[in-house]
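Thanks for coming. I will go through one structure today, starting with a term and then moving from the sheet to the core and the charged pairs.

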Amino acid sequence: MMKDVVALGELLIDFAPVSTDAAGYPTVTAQPGGAPGNFLAALQEYGCSTAMIGKVGDDAFGRLLIGTVAEKGIDTRGIVCDPNVFTTLAFVTLDATGNREFSFARKPGADTCLTADEVNTALIDEAKVFHFGTLSLTGEPARSATQKAVAYAKEQGKLISFDPNLRKPLWPTEEAAKEQIEWGLHQADIVKISDEEIEFLWGISPEEGAQKLLKEYGVSLVYATLGPKGCHFANPNGCGEVPSPTGLHVIDTTGAGDIFGGSAMSQFLKVGKAPAELTVEEMRAITRFACCAASLSTQTHGGINSVPEEAAVRAIV
């Protein structure tokens, strides 16, 4: 059974604040998350078939996550349930505008403990696209597992999709983060990267960053997201910019970038062309759909569970 996309990386629980008591302690709600899980949930919602490779703890949260992922239609054969480590937890704090800060219970978390020999390569064989981010590159053994999986996917001629997904608290130094992001970018055919990540890496504009990726890194298709402003897109045929829909009340931006990425990938796959062959008009339509899906996802809490239905996205495209 062919899969459209297989992703490797973290499944975790996002704890989002609901309220705060007088002493400043939050009341939190647990949400299923992890960037690759959010990414695949969007793909499933928009008619694609997917599978996940990763590790959770053999604990209440790990079992809940596997159940949620399966319920979304994502193939869970590649998810290892390990009794020796605890499912990774992320605590999200939100400021007045809905933007997030993360602190992680991950010393180690199960997601970092995936080993190279636990990677289910049969799932990669079945897929058109292999997707990964940098949370699986922050330390061993998951880093080696990711590198092996990427190398295997490339050998099999799969399209490689990458999202830097920079979370500074998870890296020992900023240099370490840059080194691993650079490695990931050099592997990829399709990259979704934020304006903040481009600034972090090279100190240049999103437009300059997109061109740098095309010309110096061998990337074929770039989405440079601009936060609430929308997204700049580029491939060898040209570039453009799509604004985000206006007038939506943002509650929680958790997972919005991942949902953008998965939504864009779903529409890209429907076109049926190589990433370098898309016309500017095709890229614009893909990016507009993804901007609308990501924007709608910010109206509810969480990641995996905040993917909007296709009809709702089409209504504002």
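Buried, in this talk, means under 20% relative accessible area, exposed means over 50%, and partly exposed is in between, with a 1.4 Å probe and protein chains only. By that rule K55 is buried, because its relative accessibility is 3%.

Some ground rules. This is a predicted model, in which local features need pLDDT of at least 70 and side-chain atom pairs count only at pLDDT 80 or more, while totals for chains, interfaces and linings use all residues. Residues are numbered from 1 along each chain as its sequence is written, and side-chain values use heavy atoms, with hydrogens and water left out.

Now the sheet. Helices (H or I, at least four residues) and strands (E, at least two) are DSSP runs, numbered from the N terminus. Two strands pair if DSSP finds at least two bridges between them. The open sheet has 9 strands in the order β5-β4-β1-β8-β9-β10-β11-β12-β13, and the pairing is mixed. At its edges are β5 (75–82) and β13 (238–243), each paired on one side only.

Look at β11, residues 221–225. With β10 (residues 190–194) it pairs in the parallel sense over 5 bridges, and I193 stands opposite A224 in β11. With β12, β11 runs antiparallel, joined by 4 bridges; there Y223 has F233 as its bridge partner. The hairpin of β11 and β12 has 4 residues between the strands, and G227 takes a positive phi near 60 degrees in it. How many residues of β11 are buried? The count is 5 of 5. Both faces are covered, with L221, Y223 and T225 on one side and V222 and A224 on the other.

Next, the core. A nonpolar core is a set of buried Ala, Val, Leu, Ile, Met, Phe, Trp, Tyr and Cys residues joined through side-chain atoms within 4.5 Å. The largest one has 46 residues, and Y223, M265 and F268 touch the most other members. Helix α9 (residues 280–297) gives the largest share of this core, 10 residues. A second, separate core has 39 residues, including V119 and Y217.

Contact means heavy atoms within 4.5 Å. Neighbours within four places in sequence aside, M265 is in contact with V5, F39, L43, V129, S161 and I190.

Last, the charged side chains. A salt bridge is a side-chain nitrogen of Lys or Arg within 4 Å of a carboxyl oxygen of Asp or Glu. The count is 13 salt bridges. One of them joins K55 and E118, at 3.0 Å from N to O. This pair links distant parts of the chain: K55 is in strand β4 (residues 50–57), and E118, 63 residues apart from it, is in the loop between β7 (100–105) and α3 (121–126). E118 counts as partly exposed because its relative accessibility is 25%.

E310 and R314 form another, with the closest N and O atoms 2.9 Å apart. They are 4 residues apart in helix α10 (residues 310–316), so about one helical turn separates them. R314 is partly exposed, at 42%. Elsewhere, K3, D75, R77 and E126 are joined into one network by salt bridges that share partners.

Which side chain of opposite charge is nearest to D14? It is R167, 7.6 Å away, and D14 is buried yet has no salt bridge. D14 lies in strand β2 (residues 12–20).

How values were computed. Lys and Arg count as positive and Asp and Glu as negative; His and the chain ends are not counted.
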